[in-house]
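Me: Please examine the model shown below and discuss how its chains meet, how the copies are related, and what surrounds one of the helices.

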Amino acid sequence: MKNKKKKKSYKVKNLSPGTMAYKGKKESSLIDIDIINYNQNIYNVVNSKNIEDAFSLKEKDVITWININGLNNLEDIEKLGKNYGLHPLTLEDIVNTQHRPKMDEFEDYLFIVFKMLYYKSDDELYYEHMSMVVGEGFVITFQEADGDVFDDLRERISNVRGRLRNSNSDYLMYAILDAVVDNYLTVIEAFGDKVEDLEDTVFSAEPNNDVSNNIQAHKREILKIRRSIVPLREVINRLEKTECTIINEKTHNFLRDLYDHIVQVNENIELYREMVWGLMDMYMTIISNKMNEVMKVLTIIATIFIPLTFIAGIYGMNFENIPELHHKYGYYILWGVMVVIFIMMLIYFRRKKWL
Amino acid sequence: MKNKKKKKSYKVKNLSPGTMAYKGKKESSLIDIDIINYNQNIYNVVNSKNIEDAFSLKEKDVITWININGLNNLEDIEKLGKNYGLHPLTLEDIVNTQHRPKMDEFEDYLFIVFKMLYYKSDDELYYEHMSMVVGEGFVITFQEADGDVFDDLRERISNVRGRLRNSNSDYLMYAILDAVVDNYLTVIEAFGDKVEDLEDTVFSAEPNNDVSNNIQAHKREILKIRRSIVPLREVINRLEKTECTIINEKTHNFLRDLYDHIVQVNENIELYREMVWGLMDMYMTIISNKMNEVMKVLTIIATIFIPLTFIAGIYGMNFENIPELHHKYGYYILWGVMVVIFIMMLIYFRRKKWL
Amino acid sequence: MKNKKKKKSYKVKNLSPGTMAYKGKKESSLIDIDIINYNQNIYNVVNSKNIEDAFSLKEKDVITWININGLNNLEDIEKLGKNYGLHPLTLEDIVNTQHRPKMDEFEDYLFIVFKMLYYKSDDELYYEHMSMVVGEGFVITFQEADGDVFDDLRERISNVRGRLRNSNSDYLMYAILDAVVDNYLTVIEAFGDKVEDLEDTVFSAEPNNDVSNNIQAHKREILKIRRSIVPLREVINRLEKTECTIINEKTHNFLRDLYDHIVQVNENIELYREMVWGLMDMYMTIISNKMNEVMKVLTIIATIFIPLTFIAGIYGMNFENIPELHHKYGYYILWGVMVVIFIMMLIYFRRKKWL
Amino acid sequence: MKNKKKKKSYKVKNLSPGTMAYKGKKESSLIDIDIINYNQNIYNVVNSKNIEDAFSLKEKDVITWININGLNNLEDIEKLGKNYGLHPLTLEDIVNTQHRPKMDEFEDYLFIVFKMLYYKSDDELYYEHMSMVVGEGFVITFQEADGDVFDDLRERISNVRGRLRNSNSDYLMYAILDAVVDNYLTVIEAFGDKVEDLEDTVFSAEPNNDVSNNIQAHKREILKIRRSIVPLREVINRLEKTECTIINEKTHNFLRDLYDHIVQVNENIELYREMVWGLMDMYMTIISNKMNEVMKVLTIIATIFIPLTFIAGIYGMNFENIPELHHKYGYYILWGVMVVIFIMMLIYFRRKKWL
Amino acid sequence: MKNKKKKKSYKVKNLSPGTMAYKGKKESSLIDIDIINYNQNIYNVVNSKNIEDAFSLKEKDVITWININGLNNLEDIEKLGKNYGLHPLTLEDIVNTQHRPKMDEFEDYLFIVFKMLYYKSDDELYYEHMSMVVGEGFVITFQEADGDVFDDLRERISNVRGRLRNSNSDYLMYAILDAVVDNYLTVIEAFGDKVEDLEDTVFSAEPNNDVSNNIQAHKREILKIRRSIVPLREVINRLEKTECTIINEKTHNFLRDLYDHIVQVNENIELYREMVWGLMDMYMTIISNKMNEVMKVLTIIATIFIPLTFIAGIYGMNFENIPELHHKYGYYILWGVMVVIFIMMLIYFRRKKWL
C-alpha cells in the first residue's frame, strides 16, 4: 500500500476531451471478440482476436451482438469507433474504467456505462467497468475482463423459440441489463450474509481492533457498492422514458419491470447500509458491557480484600500495648469478624446485582 | 444458521424475463382456490383444488373474486394466466415472493404486489407475499399461505345490503387493500408495544449483550417492516391518480382515504424507527451510569482503606527505634487518628455527592 | 402498563369503510352541543344536549357554528351526518380519534381533521382529536372533550364590530384554525421551557438513569407533537391553494398568513427536536466527565500510597540482617524519604493538571 | 432564569387576526422617525418624534424612505398604516417581533419581514425584528431599536452620483436587504471564529462540564441563527421571481446577485453547524483519551507495586520456620529479585507502548 | 492565530453594490496578462503587464483568450470591464475572492465564478478564486495567482489539428471548465489517499488528542472542499440547459459529459465525507478497546495479588496464639495454598478469555 501511494503524483492529467486513456489494471493489450449474429432463423457465433472481423458482419435483418473483452488496446477500439460512427466522448468513456454509470443518447445509438460487481473466492468485491453501445440492429458491449455473467444469456439466444430471437436489438439491450441487475441482487444478498456473519462476530469475539476494522471495511464496501449501482437506477429510468426510436414500444413494459428490480436493489443497499452503520453503535455498547464486567470483578475483589488486609495490617503493628494480641482466642475472633465482613460484602454485591 | 449460509452459492440466476421461479419456502405444490361470485342479488362461494374451476365462472354483471392459496404450482398459475391474458412478467412477479410492492398497469388489468405482515404467537414477524390482478368484473388474489385477514371482508360480501354488493370490482380491490392497510396498523401497534417493553428492559436489566442484541434485532425488524410497507404508499398514490378505466370515479374518494391511512402507517413506522434508534444511544448512557456507580464504590473503598493500610504498615515496620510504639496509649491514639481520617473521607465523598 | 398490554389482542379490526368506530377514551355517551347563529345584525347562542336542535337552525344569510362535544354517541353523529349530507368516510373519520390531520374536499363541504394539544397542570401533554365540516353558511366542529380554546373566539363573535360578523363561514373556519395554531405556538413554547429545565437538570444532577429516562421521554414527546402538528401544514397549504367555492378570495390573504404561522410552529418543533437529540450526546460527555473525575481521585490516592505502603512493607520484613533497621535514625530518615516521594507525586499530578 | 419561567402562563393568546400585539422587550413607547426624501436633484433628511410628519411628505418623483425606530407605540403605527393603506395583517406582523422572515405581496405594496443579528461587546448574539413596506415611490422600515447598519447606506444616498439617487424605491429596497445580508455574513464570520476558539478550548482544557455546556450553547446559537436567516433565502428568491410591478426589470440582476449572497450565507451556516455538531463527538474522544491516560498511570503503578508488596508481605510473616529469613544475604537477594521484577515490568509496559 | 482574531473587527462592510473590494491575500498590485489569439490558421501569444494590450486585440474570426493573473489592481480590472461592457456586479464578483461558484447570464456574455483547489507540497489545501467571462469570440479568465492548471490546455491550443482550433469561444470555455473539473478529481483522489493514511494511523497509533485533532481537521477539509465544488454542479447543469446564443448546439454534448464528471466528483466527495465521519465513531471504539485492555491488566494483577497479600498479612499479625505459625511446614504449606489460588485465578481468567 505504501508503494502505491508513493507512485501517485496527483499530476493533473488534463487530456483533450475525447482522448482515450485506459485507467484500468489489466496490462496485456490482447483483445478478445465474441460476435453473435441471430434472427428468427439464423444463429452463428464467431470468436476472433482481430478487430476487423467486427466490421463487416452487419447484415440486414440480423441482430449482431459484438462483445469486446479487454479495453487497453486503444487502437482497435478507435478503429471500431470509426467504423460504427461513435462520438469521441463515447470512446473516451468506454476505456475510462473509473467513469460512473450513465447513459448518453446520440443520434444513431445509445451509450450506456455500468459496473459489474462480483465476489471472488477470496470474499473480496471486484468491480468491472462495462459499457454498451446500442444501435439499430446491433449491440456492442465492452468488458475489462472475461466474465461469465452472460453465459445464461447466450444460451437463451441459441434457443430458437426464445423471445430474444424474435425481438430487436433493444430487447437484447434489456436482456443484458437484466442479467446485470440480477447479478447485483446476488451480490447484495452475499453482502447481507457477510453483514450477518459480522454481527455474530461482534457479539461473540473479545473486543479488539480487528472487529472495528472489519466494521469499517464493511462500511467502505457498502458505500462503494452504492456508488457503483445507484446511478444505474437513473439510467434505467431515463431508458424507460426516452423517446429514442431504437427502443420499441413493446420493450417499455420490460424496462419498467427492470426499473422495479433496480429500485429493489437500491432499497436493499440502503437497508444493509443502515444495518452496518448501526453495528458500530452496537459494538460500542458491547465494548462498554465488557468493560463494565471487568470493572465489576476488580471492584468486588478490591472491596472485599482491601478492608480485610487493613485489619490484618492493624494486628501486624508492633505497638507494645495492643491488648487484643494477648487475648487467648484473639486470632479466632478476628477470623470470625473477617468472615462476617466477607459475607456482608457478598450480600451487598448481590443486592446490587453485581454477582 | 451456519447451514443456511453453506447452502447459498450466490450463483447468478439470470432466467429469461417472464420465466416463473417460485422463491418462497412452502414446498407442497397443492393449490387451494376460493371463488366468490356476487352482485346485488347473487352470492355464491366455491372452494376447489382444481384450477380449471377458476376459468369458466366469469359471467356478465357478476363480480368474481378468485383467491389462490399457494404459489408453487407454477403450471396451474400459468394456465390461469393464459386464461385471463396475463403478461408473462405478471406471472413472474406473482410467484417471485421476494418482489417489492408495486403496481403495473396493463391494457386489460391492473397488477398490484404487496406484503402481508403478522405476528404469530412466538412474537416473530412473518412476511407473506401477495399479489392481485384487477380486471373488469373480476379480482384474482394470490397468497402464499392461507391467512385469515380477509374473513371479515368475506362476511361483508355476504351481507346483501353492504356497499360491496352494489359496487364494481374496483371497490373490491379497494376493500382488499383497506383490509391490508388496517392489518399494517395493527402490526405497527404491536411493534410499538414491543418497543415500549424493550425500553423498560433497557432501564431495568443489568447491562449485558442480550440487551444490545435485542435493540439491534428491533432495528432490523423495523427496517424490514419499512421496506415491506413503504412502497405501497406510492402504489396507492398512483392508484388514486391513474386514469385507468377499471377504477370508477366514485371509488377515488375511498382511495384517497386509503392513502391517508397508509401515510399514517408510514408516519408511525418513522416514529418507531426514531425511537428504536434513540434506544441505542440511551442504552449507552445507562451502561455508562452503571460503570460510573461501580467505579465510585471502588474509589470510595480504595481511597478510605489504602491510606489507613499505609499507616498500619508504618507501625508494622521493625525499626529498632520507633518511639510511638513504646508509648503507652500509642495504639489507642492511632485508632483515634484513623477514625478521624475515616470521617473526613466520608465528609469529602458526601460533598462530592458520591455517597 | 402491564395490564394495558395484556388487554391488547392485535386482532385486525377490518371494518367496512365508512363504519364509525369510536377509538377514544371517554366513555360517557353524553353529547353537548353549542350552536351560535350570527350575521351582521343577529347573534344568538343555544346550548343543548339534543342533536335535533342542530338540524333546523340553518337560516338564510346567517352563519351557524355548531360545536359538538363528545364523539362516542355514534347514533347522534350519524343523524347529524345524514341531515347535512356528510359522506360515510367523513363520519368514520370524525369519530376515529387516531386519525392524522388531513383535509378532504367534497362537493358541498370541506372536511378538516386536526389535533388539539395542551399541557394540563401535571405537565403531561394531552392530545385531543378534532374535526371540522365547513359548508356554505355553516361550520360544524367536533371535539372529544370540552376545551376552552375557543372562548376568545366566541367573545370575538359576540362583538358586533368584529370582522367575523361581516364575513362568511370560510372566515370562521380560518378563525378556528388560527386559534388552533396559536395554541400550538403556546404548547411548543412550553415544551421549549421544559427542554431548558431538562438541560439544567442534566448539568446539575448526579448521573443516573432518571436523567436518561427523562431525555428519552422528551424525545418521545417531541416526536409525538411533531406527528400531530406537521401534517396540518400541508392541510393549510392546500386550503390556501384550493379552488373550492366555499373559500372566498378575500380569505386567501388570511390563510397565507396562517400558513406562515404553521411553518413557524414546524420550525420551532425542528429546533427543539434537534436540541433534545443533542442533549443525549451532551449527557454522555457529562457522565464521562464525572467518571474521569472519579478515576482521577482513585489514581491519585493509589499512586501515592501504594509505593509508600510497599516501602513500609519492606521494613516490616523479618530478615535477620536488615542493616537499616538498626540505624539510630532509620525511622526518621524513612519518613523523610516518604515525604519527599509524596511531594514529588503531588508535583507530578499538578503538572498533569489532575489536581 | 427561574423568574422568567415563573412569569410564563402559557395562556393561549388567541387575538383576533389583524390585532396588533407588541411582543418585544423594549418598554418605552417613544417612537423615533427618520425621513429621507431624495431623487436625482433633491436630498433632504427629517428627524421627528411625531408620526404625522411621515404622512404628508410623499411628493411626486421623489423617493421617500421612512425609518421607524420603536415598535411599541401601537397607536402611531396604526395611524401610519391607515395613511398608507396597509392591511391589518401587515400591521400585526410589523409589531409581532417573533414572526419569522417572510414576504407578502399586496396590491399596492410588498411587505417583507426579516431579522437583524449582531454580536454586542459581551459576545452574545442579539436578534432584532425588522420589517419593510415597499410601495411605488416609498419605503418604510420598522426597527425595534436604533441600529447602525444603515449608516453606510444613508451616506451612499447622500452621494449625488450614486446609483441610488437615479433609481426607484425597488432599488432602495434591494440596497437595504443587501446591507442586511452583508451584516449576516459578518455575523457568521464572527460565529465561525467563536467555533474555532471553542475547538482550541476543547483540545486544551481539562475535561469538565463547562466545555460540554459551551458546545451545547454553540449548538443552540447556530440553530437560532439558522432559524432567523434561512427563511430569508426563500423571500429573496420570490422577490427575484415576482411579477409585481413595483420591481423594475433592471433590479432583477441585483436581486439575483443578492440571492447568491444569501445562498452563501446559508452554506456557511450549514458548514458551521456541521462543525459544531462534530465537536461534541470529538470532545467525547478527548475525554476518553484523558481517561485512558489516567487509567494507564493507575495500572502501571498498581501492576508494579502490588506484586512487590506481596513479596514484602511474605517475608513479613511470623512463621517460625522461614529459611530465607535467616540467610545472611537474604535481604540483599530479595532486593535484587525485586529490581529484576521492576525492570521486567517496565519492559513489558514499554512494549505495550504505555510508557 | 490569536493575532488574526485580534485584527478582525466584524465591522459590517456594506459597500455600494457593484463596488469592487479585493478580499484576497496577495498584496502586490502587479497584474500579469496572457493573451492568446487563434483560429484555424492563426495562433499567437502575447504576454504583457499593461492592461491596455487586452483591449485592441479583438479581431474578426479570431478567438481571444485573455488570462489575467492578479486581482488586486482594481483600476486595471475596471478599465477592462468598461472596455468589454461588463456589469458592475460582475466586476465586484471578479475581485471578491470569497464568492461562491455561480453563473450569471448577461445579454452579451456569460459570467462564471469557480474555485481552483490544489495541494501544495506541505499537504495543505489551497483555494484559489477564479472567474471567467465568455463572450462571442473571446474568453477572459481571472486568477488570483499564476497556476499551471492550464498549461496542457495552452499546448492543445497550439496544436493546429486540435478541436479547439476549429471551435468557437464556447468550446474554449468548456475546455477550461474541463481542466478545472479534472483538477478536482485529482484533488479528491489525493484527499482519499489522505483519508486512507489517517485510517491506518487511527488503528496503529496509541490514542491521543493528535488523532482526534487530525480527524476533525479532515472533517473541516472535506466540508470546505464540498463548499467550493458542489455549487459548480448546478452551474454546469445550467450551462448545459441555457438557451444563450453564445453556446452552440455542438458543445452541448461536451457540457453533458462535463456534467457527468462533476457529478462523479460530488459522489466521491460524499463518499469520503461519510468515511471521515465514520472514522470518528471507529476511533471511539478503538480508544475503548485500548481502555478495556488496560483495565484487564489492572484487574488481573489486582485480583491475583490482593487476596494473596491479604493471606500474607494474616500471618504477619502479632497474635500470641496463631497455631499455624508454629507448624513445622506451615510456611511451605502456605506457599502451596498460594500457588493453588494463583493457578485457579489463571484458569478463571482464561475462561473469561481475558488472557
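Me: How many residues does the contact take from chain A and from chain B?
Reply: In this predicted model, residues of the two chains count as touching when their C-beta atoms lie within 7 Å. By that criterion the contact takes 55 residues from chain A and 50 residues from chain B.

Me: Which element supplies the largest share of the side of chain A that touches chain B?
Reply: At least two residues of that side come from each of α4 (151-158), α5 (169-204) and α7 (249-314) of chain A. By character, the residues of this side divide into 24 nonpolar, 17 polar and 14 charged. The largest share, 32 residues, belongs to α7(A).

Me: Why do the copies meet through different surfaces?
Reply: The interface residues of chain A can be compared with those of chain B. The copies meet through different surfaces because the proportion of interface residues of chain A that are also interface residues in chain B is only 20%.

Me: What kind of axis relates chain A to chain B?
Reply: Chain A superposes on chain B, with an RMSD of 0.1 Å, after a rotation of 72 degrees and a shift of 0.1 Å along the axis. In chain A, the C-alpha nearest this axis is that of A:Gly316, at 4.5 Å. The rotation is therefore the relation of a five-fold axis.

Me: Which elements of chain C are included in what covers the buried residues of α3(C)?
Reply: Helix α3 (residues 88-95) of chain C has as its buried residues C:Thr90, C:Leu91, C:Asp93, C:Ile94 and C:Val95. Their cover includes α2 (74-84), β4 (102-105), β5 (109-119), β6 (125-135) and β7 (138-143) of chain C.

Terms used
Residues are numbered from 1 along each chain as its sequence is written. Chains are lettered from A and ligands numbered from 1 in the order in which they are written. This is a predicted model: local features need pLDDT of at least 70, side-chain atom pairs count only at pLDDT 80 or more; totals for chains, interfaces and linings use all residues. A residue is buried if 20 or more other C-beta atoms lie within 10 Å of its own, exposed if 12 or fewer, and partly exposed in between; C-beta atoms are placed from the backbone. Helices (H or I, at least four residues) and strands (E, at least two) are DSSP runs, numbered from the N terminus. Ala, Val, Leu, Ile, Met, Phe, Trp, Tyr, Cys and Pro count as nonpolar, Asp, Glu, Lys and Arg as charged, and the others, Gly among them, as polar. Copies are superposed by least squares on the C-alpha atoms of residues with pLDDT of at least 70 in both.
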